[in-house]
Amino acid sequence: MRPIDPATLAGQHFDTVVVGSGFGAAFFVHKLLERRPGRVLIVEWGRYHPHDWQVAHGMNSALSADRTYRSDSAKPWHYTVALGGGTNCWFGQAPRFHPSDFKLRSRYGVGNDWPIDYDELEPYYRTSPTSQ
């Protein structure tokens with residue numbers, strides 16, 4: 001992906017235009033080009049901010065949250081409007097479930113219960129055949 005001055009695109013043809021360059025767009029474009037090769041234009045509102053800029057400023061985007069989303073909800077929603085979108089916020093963390101996370105509906109009345117739990121998964125994670 002390379003940034004281009006919009007004026008240089010006047011009159012050019014693209015087979016697909018994608019709005020946003022985040023995690024979902026990356027997978028979409030990858031699969032799209034596997035099935036239907038062509039020219040893709042990815043349009044992004046925000047700018048590219050390297051990691052050192054993000055650390056120095058304590059944010060992923062120079063655009064303030066009040067410019068990206070409005071809601072009456074008490075939950076604060078923050079979106080990264082920058083090249084890479086929400087991918088900038090993904091640190092590769094996938095915390096392990098607490099045993100109660102498998103039964104959210106039956107324990108807390110929210111979400112859905114998983115059809116499995118750790119007891120059912122445990123045999124698949126044994127380290128040697130002798131521990132079976």
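In the predicted model, F97 is partly exposed, with a relative accessible area of 33%. F102, by contrast, has a relative accessibility of 4% and counts as buried. The two residues form an aromatic pair of the edge-to-face kind, with 5.2 Å from centre to centre and 70° between the planes. F97 also pairs with W114: the ring centres are 5.4 Å apart and the planes stand at 85°, so this pair too is edge-to-face, the angle being over the 60 degrees required. W114 is itself partly exposed, at a relative accessible area of 41%.

The positions of F97 and W114 in the chain give the second pair its place in the fold. F97 belongs to the loop between α2 (51-57) and α3 (104-108), whereas W114 belongs to the loop between α3 and α4 (118-121). The pair therefore ties together parts that are 17 residues apart in sequence. Ring pairs join F97, F102, W114 and Y118 into a cluster. The count of aromatic pairs in the model comes to 5.

Y118, a member of this cluster, also takes part in an arrangement with a charged side chain. The charged end of R96 sits over the ring of Y118, at 4.5 Å from its centre. A further arrangement of this kind involves R39 and F14, with R39 lying over the face of F14 at 4.4 Å from the ring centre.

Strand β1 (residues 16-19) and strand β2 (residues 40-43) run parallel and are joined by 4 bridges. Within this pairing, V17 stands opposite L41 of β2. Helix α1 (residues 23-35) forms, with β1 and β2, a β-α-β unit. The handedness of this unit is right-handed.

H49 is placed in the loop between β2 and α2. With a relative accessibility of 12%, H49 counts as buried, because this value is under the 20% limit. When neighbours within four places in sequence are left aside, H49 is in contact with Q54, N60, S61, A62 and A82. Of these partners, Q54 lies within α2, which spans residues 51-57. The loop position of H49 is thus combined with a buried state, since the relative accessibility is 12%.

Terms used: Residues are numbered from 1 along each chain as its sequence is written. This is a predicted model: local features need pLDDT of at least 70, side-chain atom pairs count only at pLDDT 80 or more; totals for chains, interfaces and linings use all residues. Side-chain values use heavy atoms; hydrogens and water are left out. Two strands pair if DSSP finds at least two bridges between them. Helices (H or I, at least four residues) and strands (E, at least two) are DSSP runs, numbered from the N terminus. A crossover is right-handed if, with the strands pointing away from the viewer, the path from the first strand over the helix to the second runs clockwise. Rings of Phe, Tyr and Trp (its six-membered ring) pair if their centres lie within 6.5 Å; planes under 30 degrees apart count as stacked, over 60 as edge-to-face and the rest as tilted. Buried means under 20% relative accessible area, exposed over 50%, partly exposed in between (1.4 Å probe, protein chains only). A charge sits over a ring if NZ of Lys or CZ of Arg is within 6 Å of the ring centre and within 35 degrees of the ring normal. Contact means heavy atoms within 4.5 Å.
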